[in-house]
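Trainee: Before we use this model, I want to know what the strand labels rest on. Can we go through them one by one?

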Amino acid sequence: MKKHQLSSEAKISLKVTAAVGSVMILMFVSFSYIVKWNLNNQKAKSLNLACNSIIEVLEDYLNPLNDGIYAFIDIPYYIDYSINNVITGENIYSNNPFIPLLPQTSGKSVHHIVKNYYMDGNLDIFYMTVQTGNYIIQTSIDIENDSASKIIYSMPKTIPIVIIPIVIMTFLVIYFFMKRDFEQEHNFSANVSHELQTPVNAILGHAKMLDRWGKNDPEQTEKSLKIIISEARSMQSTIKNLLEITKLEKKMTSVNKETIDVIQFFENIKNEFNYAENLEINYHTVFNSIHYDVKSDKELLHQIFIIAISNSLKFCPSPCKITLLCTVEKNKAIFEISDNGNGFSKEILPHVFDRFYRGDAAHSRSKGGAGLGLSIAKSIATALDIKISAANGENGGAVIKLEV
């Protein structure tokens, strides 16, 4: 019987979760012991101060005129204490007769537990003994009835209760994020293969045709060569765009920010598309002054505009009308590139910047390109620390928005 194999994302998630769980357990245990040590240290100080207070008044107690040592001792109410005569074994005084005389600790604090000491619970105390002359002074603090102490002392035991749900949630979160990333990577690899395989098939098909019989037909030879050159350029463009995205994502492209005159920037873009027939570009600005300067990389910002306008030019009806708009909101320049096309459908809108996404005709090969243009625009925007988004205009048409 074939054993079930864990997926790559599950294996990685398990390893990461194990590492996270181990670190969390180590931190939790370390924290609990540090807190416990501090608590014990504070208790030890309190017990030591109580012993010193009793020693200070012990000589006064020996004076027959005094009614009892309890009248002179001023220590916190939560500390139990007793004074015993070493020679006679007599208990001089105790404010809690249920706590027995325990083994001497010579001034050290000790945690002492006796299971089922009381009918309704354990004897669980932190105590200290000090001998002065013929007397043993014993001070103690009850832990059994101290909620804070019980919680802190039980912290190491609660590790499974606390850590296990967190580890499970960590695994699920990592797993689903990893699964999503693996699926995106798989889809990306499949799309790259498809985009490159299509022109390769066309090139091989026409090359074989020429090899068999087409080379003797001048008309077929010319036709096949044009197709081979066209498909080769398509492959070259796809590879170039993928390399461009990789360079941007790995921050291999230098960003040189400078002051950009928005009006002049728009005018240059308009002039750049003068060659295009059936294209009309208009621009508007809403500033408090005549000009507004933006701080960004001029060439990379220009590339985003060219990609957006080229995309609109492919898919808008003729004549294609592009509107460039710049406004200022909270010291931020807001650019909008809108067209008079049909806009994005609701199903397509979330995937506008996905690589090779083929939800509609906007990414079809018949229109040219491989669906990487807006993906490159997204990568450039990320490199420039610009927020880019896509939407539909109030009167229809696609809108690409940049917050610089």
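**Strands and their pairing**

Mentor: The model is predicted. One open sheet holds five strands in the order β2-β1-β5-β4-β3, with antiparallel pairing.

Trainee: What makes β2 and β3 the edge strands?

Mentor: Strands β2 (91-94) and β3 (110-118) each pair on one side only. From one strand to the next, the twist averages 25°.

Trainee: How do you know that β1 and β5 pair?

Mentor: Pairing requires at least two bridges found by DSSP. Seven bridges join β1 (residues 79-85) to β5 (residues 135-142), so the pair meets that requirement. The two strands run antiparallel. Aspartate 80, for instance, stands opposite serine 140 in β5.

Trainee: Why is strand β12 called mostly covered?

Mentor: A residue is buried if its relative accessible area is under 20%. In β12 (residues 398-403), five of the six residues are buried, so the strand is called mostly covered.

Trainee: What makes β10 and β11 partners of β12?

Mentor: The requirement is again at least two bridges. Five join β10 (residues 332-339) to β12, and six join β11 (residues 387-392) to β12, so both count as pairs. Each runs antiparallel to β12. Isoleucine 337 has isoleucine 400 in β12 as its bridge partner, and asparagine 392 stands opposite alanine 398 in β12.

Trainee: Which residue in the hairpin of β11 and β12 takes a positive phi?

Mentor: Glycine 396 does, with phi near 90°; the hairpin has five residues between the strands.

Methods. Residues numbered from 1 in each chain as written. Predicted model: local features only at pLDDT ≥ 70, side-chain atom pairs only at ≥ 80, totals over all residues. Heavy atoms only, no water. Helix = DSSP H or I, 4+ residues; strand = E, 2+ residues; numbered from the N terminus. Axes fitted to C-alpha atoms, helices over the stretch in contact; angles between N-to-C directions. Buried < 20%, exposed > 50% of the residue type's maximum accessible area, 1.4 Å probe, protein only.
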